[in-house]
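Hi everyone, thanks for coming. Let me put the structure up on the screen so we can walk through it together.

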Amino acid sequence: MKKVLITLILMSALLLNTKSRDLSYASTILQTAGGKAYAVGFYNGLTTFFTIDLNTGQMTVLNTFPTIQAVDAFVATVDLEADRYFQPAYENAFAQRLLIIDTTSGALVDSPPFSATLSILEYKGGRLYGVMYDHERASNVFVEIDPSTLNPNVLMAIPGVNSILAGVSAIDDDYFVFEGSSSRGYELFKIDLQTLEITTIPLSHTLAHFVLADSALIGITGAVPLNYLVRINLLTGESEIISEVKVQALFQGASIFDRTKGWYIFPVIDLENKQRLFIFDIQTGELVAAPELTVVPGGATFASKVNALAFTGQLKSFEKGWGNYNLYLPFTVKQ
């Protein structure tokens with residue numbers, strides 16, 4: 001039933017993308033930001049892989065995958081050491097695949113069959129980690145996946161989870177953290193990667209996305225138009241507001257933390273209906289920059305003037321509208 005529901009959501013995403021608008025090049029440039037971000041979305045009718053310049057917001061088309069009809073919403077991760085982007089996807093007739101994309105060239109390295117239906121996917125230390133529903137156990141389970149075999153190894157059942165906010169997770173050397181609901185309300189579920197001990201932290205507000213920074217979690221509350229950039233102590237559960245964030249829509253699960261500069265970076269639809277990267281200094285709460293997301297065509301097959309930047313497929317947000325929803329892209333980062 002869960003697999004059927006996810007398929008229906010993906011099909012609905014394809015059907016509900018009806019809005020288009022002209023694009024212009026970004027006028028706000030952040031000179032000192034480093035790194036690139038990567039994204040998969042539907043663009044000009046094709047599943048497309050992009051690289052995103054965090055200085056300018058410009059998105060460059062690196063490759064397209066004509067046989068891929070849909071991708072798992074919210075679920076993707078990147079191997080920073082070997083330059084691999086992992087994306088569960090559906091080929092013609094909805095045959096499940098795992099796209100393994102070279103982030104330097106956009107080339108499709110491999111697309112083996114992949115039967116696991118994951119709510120969350122992260123990469124760390126040569127392994128993929130995720131959460132999936134196990135019908136035999138009638139429970140959500142924490143799994144480890146060897147990228148060479150793609151066989152999910154169940155590490156533990158996760159008790160007490162009623163639902164999971166897809167794609168909202170983070171991993172570091174010590175912990176795997178995700179957001180879900182239980183009989184007590186919305187909580188953070190923190191799994192110790194060494195002992196597999198699980199602890200929970202109650203949330204007063206849901207989080208649209210977050211990252212791990214030392215012993216804290218930095219994230220954005222998920223209600224619009226007024227959101228908050230918050231810091232949550234993972235040891236005590238105490239929460240503090242860093243800054244207010246006023247936007248029209250958020251991208252669920254999409255955020256980057258520049259550890260060197262202490263900047264939290266995430267895409268938004270701003271109050272003027274423009275898609276931007278918001279870059280906040282987590283120490284001062286200052287909005288450092290807000291470059292607009294624009295597309296740079298990647299070859300002769302792409303028009304020089306783009307009529308739409310509304311993505312479907314592996315997406316991170318719904319823009320509210322009358323009778324339809326427009327969906328927007330996620331990204332993961334190479335720093």
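I'll start with confidence, then go through two strand regions.

Please keep in mind that this is a predicted model. Across the chain, pLDDT averages 77, and 78% of the residues score at least 70. Two stretches need some care. Over residues 1-34 the pLDDT stays under 50, although the model gives this stretch 83 contacts beyond four places in sequence. Residues 299-335 are also below 50, and there the model has 150 contacts beyond near neighbours in sequence. Where pLDDT is low, the coordinates should not be read in detail, so I'll leave those contacts as they are.

Now to strand β9, residues 118-124. Is it enclosed or open to the outside? Six of its seven residues are buried, so β9 is largely enclosed by the rest of the structure. Its antiparallel partner is β10, residues 127-134, and the two pair over six bridges. One pair you can pick out is tyrosine 123 in β9 with leucine 128 as its bridge partner in β10. The hairpin has two residues between the strands, and glycine 125 has a positive phi there, near 55 degrees.

Next, the open sheet. In which order do its four strands come? They run β17-β18-β19-β20, with antiparallel pairing. At the edges sit β17 (207-213) and β20 (239-246), each pairing on one side only. From one strand to the next, the twist averages 20 degrees. Inside the sheet, β18 (residues 216-221) and β19 (residues 226-233) share five bridges; one to look for joins alanine 216 to asparagine 233 in β19.

That's my tour, and I'm happy to take questions!

Terms used:
Residues numbered from 1 in each chain as written. Predicted model: local features only at pLDDT ≥ 70, side-chain atom pairs only at ≥ 80, totals over all residues. Heavy atoms only, no water. Buried < 20%, exposed > 50% of the residue type's maximum accessible area, 1.4 Å probe, protein only. Pairing = 2+ DSSP bridges. pLDDT = per-residue confidence, 0-100. Contact = heavy atoms within 4.5 Å. Axes fitted to C-alpha atoms, helices over the stretch in contact; angles between N-to-C directions.
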